[in-house]
Amino acid sequence: MATIDIEKFVKQYGPVRALHEVDLHIADGEFVVLLGPSGCGKSTMLRMIAGLEEISGGVLRINGKPMNAVPARDRDIAMVFQNYALYPHMTAYDNIAFGLRRLKVPKPEIDRRVRQTAELLALTAYLDRKPRQLSGGQQQRVAMGRAMIKTPQVFLFDEPLSNLDATLRDQLRVEVKKLHMLLRTTTVFVTHDQLEAMTLADKIVVMRDGHVEQIGTPREVYYAPASLFVARFIGTPAMNLLPMQVAPDGARLVADGLSIVLDPEQAAGVQAGQVVTLGIRPKDLRLAHLQPGAERHAATVMLSEMMGAETLMQVRVGATELLMLVDDRDTAATGSMIEIAFAPEGLRLFDAASGKAIVAGRASRAA
Amino acid sequence: MMRRLGGVITVVVLLFATLFPVLWTLLSSFKTLKDIVTPVPTLLFQPTWQNYADVLATPSVQHGLANSAIVVGCSLGIGMLLGVPAAYALVRHAPHLKSDVLFYVLSLRFMPPVAIAIPFIVIYSDLGINDTRFSLILTYCLTTISTIIWLGVPAFEQVPREIEEAATLEGYTQFQVFQKVALPVAIPSLIGAILFTFVIVWNELLIALSLTSQNFTLPVVAASFTTMGMEVPWGIINASTILLALPPFLFIGVIMRFLNRFFRATH
């Protein structure tokens with residue numbers, strides 16, 4: 001059980017700064033996901049917490065105690081690596097038991113705990129095998145067993161599922177979630193897969209170029225992205241982002257052939273003539289008859305992709321192309337004319353110059 | 001099919017060309033001089049141990065064998081003791097020095113041995129240790145340490161960094177990580193490095209020839225047989241050749257058995 005406090009974390013590689021004064025507080029038992037594209041500094045940050053990378057600047061505290069000078073082996077942290085990092089010369093059993101052996105735990109106790117862990121991870125049948133005789137998923141489960149057996153204060157996961165195929169990834173993701181619900185160990189999980197982040201995290205830290213773009217619950221980063229970067233990065237299909245301008249009356253947004261009324265709260269955050277980017281999730285574009293009372297826009301269906309329960313339609317309003325996600329039963333044929341509405345609660349405004357969200361409205365208050 | 005047949009024939013020819021001289025030497029070492037010098041080579045003959053008995057009874061051979069064992073054993077031991085940790089340290093803790101050190105270590109092998117030998121004779125004479133096993137061990141350590149570093153670096157580079165990091169996070173010290181993780185994973189490649197180094201120093205002739213007159217090694221003795229006199233003692237030469245070649249073979253055998261046991265034990 002542990003809290004982690006990170007203050008002004010800096011990582012410097014010669015003249016290159018990989019991490020810029022990052023602050024993060026992780027509560028006891030929390031599952032935090034560091035999310036971002038490769039090279040954003042998320043793995044570096046994880047390795048600094050582990051003690052595998054030197055902290056160039058800032059303070060790391062675990063349970064309030066400064067950890068900067070504590071070597072990795074004394075931090076009581078367990079880590080699961082992307083490439084499993086199992087000891088190739090040892091069996092699965094010995095891999096899991098390796099940490100306990102150092103602690104001089106009595107043999108029967110080691111045996112009991114290894115078998116219990118193996119049971120939990122469905123590895124009992126494979127304990128005698130060497131890593132190379134195991135599948136990728138089994139290897140990663142062994143690595144998880146090795147990490148959890150000594151009940152560390154903190155779990156770190158460095159893209160543990162990236163090397164697995166899609167089905168296995170889904171299965172193991174569920175196992176990681178279950179394990180966390182069972183053990184309630186403070187966990188930091190690094191990934192570039194936003195779906196993984198959304199499904200696992202209590203709190204997502206979206207990172208870019210060594211900076212934190214946003215810290216929030218999965219709902220917050222999904223519904224109220226703090227910047228255009230987060231808006232683009234989170235969500236499949238991606239959020240519609242439309243360059244627009246605030247009309248002279250200050251109450252509408254206009255673009256080529258498209259004009260959208262703002263609710264007063266949002267209108268208060270912008271000035272007439274300001275250039276903004278309007279963001280709206282494909283799910284928040286509705287067929288007009290399902291959004292009574294809202295402003296209607298005539299649209300042409302350009303393309304529709306049936307995705308199972310829902311259909312993704314590409315529609316054109318004026319000169320603007322939009323993606324909308326509708327219930328499959330409401331699908332309109334390609335080429336047909338429909339009327340659509342923008343769900344007012346789904347409208348997000350970003351300053352076109354800075355890329356930052358313009359704070360107004362309900363969802364932004366939640367963030 | 002034809003290509004496979006061609007391959008088989010090539011291999012057989014190459015094997016014959018490689019192994020036949022060795023086989024002939026082995027056969028000749030069991031022949032009497034009369035059987036060896038006969039113009040028509042004989043495959044059927046009365047085998048004799050006499051050549052081996054003669055070789056082993058020769059005081060210079062006994063002396064050379066003992067010297068070789070001691071000198072090669074010590075220099076190889078020191079080479080492993082210093083070279084293996086040095087290679088590991090270069091890979092993990094001083095990667096920025098790696099290419100320079102590797103070049104330096106390789107450059108030790110650029111010089112012709114004879115050119116090194118003469119300054120060494122002067123230095124060792126000044127120190128009063130010329131023509132001793134100690135000075136020879138010292139000189140051979142240059143070869144063993146440098147060769148083991150040179151071949152040990154790639155061996156440790158094959159060890160994934162993450163498994164060492166995993167062991168570190170399990171609370172093991174740097175030395176324990178080296179001993180329990182890096183070394184066992186690198187050992188198959190390291191064994192190759194050690195064998196190679198052994199063969200180099202065991203077969204070394206020129207430095208030993210220059211640095212010793214009393215404390216000579218086995219290759220020096222074997223070389224001296226060829227200049228023994230008018231009547232060339234072919235049987236004895238063949239027997240001493242086999243004796244000279246035997247230790248590397250045995251050494252490889254022992255190491256292989258050790259390897260097998262090692263990997264079964266850590267199951």
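Is Thr185(A) buried or exposed, and what is its relative accessible area? Thr185(A) is buried, with a relative accessible area of 8%, where buried means under 20% relative accessible area, exposed over 50% and partly exposed in between (1.4 Å probe, protein chains only).

The views below come from a predicted model, in which local features need pLDDT of at least 70 and side-chain atom pairs count only at pLDDT 80 or more, while totals for chains, interfaces and linings use all residues. Residues are numbered from 1 along each chain as its sequence is written, chains are lettered from A and ligands numbered from 1 in the order in which they are written, and side-chain values use heavy atoms, with hydrogens and water left out.

**View 1. Surroundings of Thr185(A) in a loop of chain A.** Thr185(A) belongs to the loop that runs between helix H5 (166-183) and strand S8 (186-191) of chain A; helices (H or I, at least four residues) and strands (E, at least two) are DSSP runs, numbered from the N terminus. Not counting residues up to four places away in sequence, Thr185(A) touches Met1(A), Gly29(A), Glu30(A), Pro152(A), Gln153(A), Val154(A), Phe155(A) and His180(A), a contact being heavy atoms within 4.5 Å.

**View 2. The interface of chain A and chain B.** About 2,000 Å² is buried between chain A and chain B, with 61% of it on carbon and sulfur atoms; buried area is the accessible area (1.4 Å probe) that two parts lose on being put together, summed over both. Chain A brings 25 residues to the contact and chain B brings 18 residues. Of the area that chain A buries against chain B, 31% is supplied by Arg73(A), His89(A) and Arg102(A), more than by any other three residues. Eleven residue pairs are in polar contact across this interface (both at pLDDT 80 or more), a polar contact being a pair of N or O atoms within 3.5 Å, of which, within protein, one must be able to donate a hydrogen and the other to accept it, and for which residues adjacent in sequence count only if both atoms are side-chain atoms. On the side of chain A that touches chain B, helix H1 (42-50), strand S6 (77-80) and helix H2 (92-102) of chain A each supply at least two residues, and H2(A) gives the most, with six residues. The residues of that side divide into twelve nonpolar, five polar and eight charged, where Ala, Val, Leu, Ile, Met, Phe, Trp, Tyr, Cys and Pro count as nonpolar, Asp, Glu, Lys and Arg as charged, and the others, Gly among them, as polar.

**View 3. Salt bridges between the chains and within chain A.** A salt bridge is a side-chain nitrogen of Lys or Arg within 4 Å of a carboxyl oxygen of Asp or Glu, and by this rule the count comes to 22 over all chains. Two salt bridges cross the interface of chain A and chain B; Arg146(A) forms a salt bridge with Glu170(B), with the closest N and O atoms 4.0 Å apart. Within chain A, Glu295(A) pairs with Arg252(A) in a salt bridge whose closest N and O atoms are 2.4 Å apart. This pair links distant parts of the chain, 43 residues apart, with Glu295(A) in the loop between strand S15 (285-287) and strand S16 (297-306) and Arg252(A) in strand S12 (residues 252-255) of chain A. Glu295(A) counts as partly exposed at 26% relative accessibility, and Arg252(A) likewise counts as partly exposed at 24%.

**View 4. Asn51(B) in helix H3 of chain B.** Asn51(B) is found in helix H3 (residues 50-57) of chain B and counts as buried because its relative accessibility is 8%. The side chain of Asn51(B) has a polar atom 2.8 Å from the backbone oxygen of Ser29(B), and the side chain of Asn51(B) also reaches the backbone oxygen of Lys31(B) at 2.8 Å. Leaving aside neighbours within four places in sequence, the contacts of Asn51(B) include Phe30(B), Gly235(B), Ile236(B) and Ala239(B). Asn51(B) and Asn238(B) lie 187 residues apart in sequence, while their C-alpha atoms are 8.2 Å apart in space.
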